[in-house]
Amino acid sequence: MSSEQQPSEKPGAGDGDAERTRSGKSAKLLVLLFGLAAAGLVLDVITKSAVVAALEGGPPVELLGGLVYLDVLRNPGAAFSLATGMTWLLALLAIVVVGVIVWLAPRLRSAGWAAGLGLMLGGTLGNLGDRLFRAPGPLQGHVVDFISVLAPNGEFFPVFNVADSCITCGAVLIVLLSLLGRDYDGTVHRKKQRAAGNES
């Protein structure tokens with residue numbers, strides 16, 4: 001009788017170990033996601049506050065021999081100054097994005113996705129904070145942009161900020177992972193397809 005019970009006990013113990021392993025990995029991914037989001041948000045808030053206090057209203061500041069200029073602008077729209085008359089809608093869309101990322105976070109099983117979504121979350125919160133709390137008012141606030149590449153006033157490339165950089169890097173990472181067939185839950189589609197092809 002005891003010898004027949006042993007096989008059923010071992011799988012149970014193994015299942016418990018696997019569940020603890022998944023829980024531990026999930027916790028680490030949550031730390032990665034929200035840690036990157038917090039770092040991006042803090043850096044965005046600090047840099048915006050610093051340039052507004054020190055540079056707004058003054059001439060552009062040249063850095064790195066003209067490779068970068070610090071030139072403070074207030075952007076009522078999205079990236080590349082799109083949708084300038086729909087600041088309130090951009091704020092609501094940002095709130096939706098934040099909600100989706102927070103909802104998806106516990107389901108993550110991929111470090112790459114956690115990093116990408118963490119960067120996007122931090123950047124989205126940074127610009128959302130401007131739209132909620134800066135002039136001219138809630139849901140109408142203008143985003144502080146201050147990084148101009150190669151020339152002041154966005155002559156060669158639209159002026160951006162740290163939050164924009166976080167969003168862009170996070171989005172690029174997620175797109176690359178998707179192209180490689182890597183899902184947020186840790187599955188790899190291309191491997192599955194190849195395995196199915198070999199079996200057939």
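Here a student and a tutor talk through a predicted model.

Student: Which strands stand at the edges of the open sheet, each with a single partner strand?
Tutor: Good place to begin! The three strands of this open sheet come in the order S1-S2-S3, and their pairing is antiparallel. With a single partner strand each, two of them have one side left without a neighbour in the sheet, so they stand at the edges: S1 (61–63) and S3 (143–149).

Student: In S3, which residue stands opposite leucine 70?
Tutor: Let's look at the pairing of S2 and S3. Strand S2 (residues 68–75) runs antiparallel to S3, and six bridges join them. Opposite leucine 70 you will find isoleucine 147.

Student: How far apart are the end C-alpha atoms of helix H2?
Tutor: Try predicting it before you check. Helix H2 (residues 87–104) has 18 residues, and at 1.5 Å a residue these should span 26 Å. The model agrees, since the end C-alpha atoms are apart by 26 Å.

Student: Within what arc do the buried residues of H2 fall, seen down its axis?
Tutor: The buried residues of H2 are Thr87, Leu90, Ala91, Ala94, Val98, Ile101 and Leu104. Val96 and Trp103, on the other side of H2, are exposed. The buried ones line one face of the helix, because they fall within an arc of 150 degrees.

Student: Which helix gives the most to the largest nonpolar core?
Tutor: That core has 15 residues, with Leu33, Ile101 and Leu121 among those with the most contacts inside it. H1 (2–55), H2, H3 (111–133) and H4 (162–179) each supply at least two of its residues. With five residues, the helix that gives the most is H3.

Notes:
Residues numbered from 1 in each chain as written. Predicted model: local features only at pLDDT ≥ 70, side-chain atom pairs only at ≥ 80, totals over all residues. Heavy atoms only, no water. Pairing = 2+ DSSP bridges. Helix = DSSP H or I, 4+ residues; strand = E, 2+ residues; numbered from the N terminus. Expected span 1.5 Å × (residues − 1). Buried < 20%, exposed > 50% of the residue type's maximum accessible area, 1.4 Å probe, protein only. Arc of directions from axis to C-beta. Core = buried A, V, L, I, M, F, W, Y, C linked by side-chain atoms within 4.5 Å.
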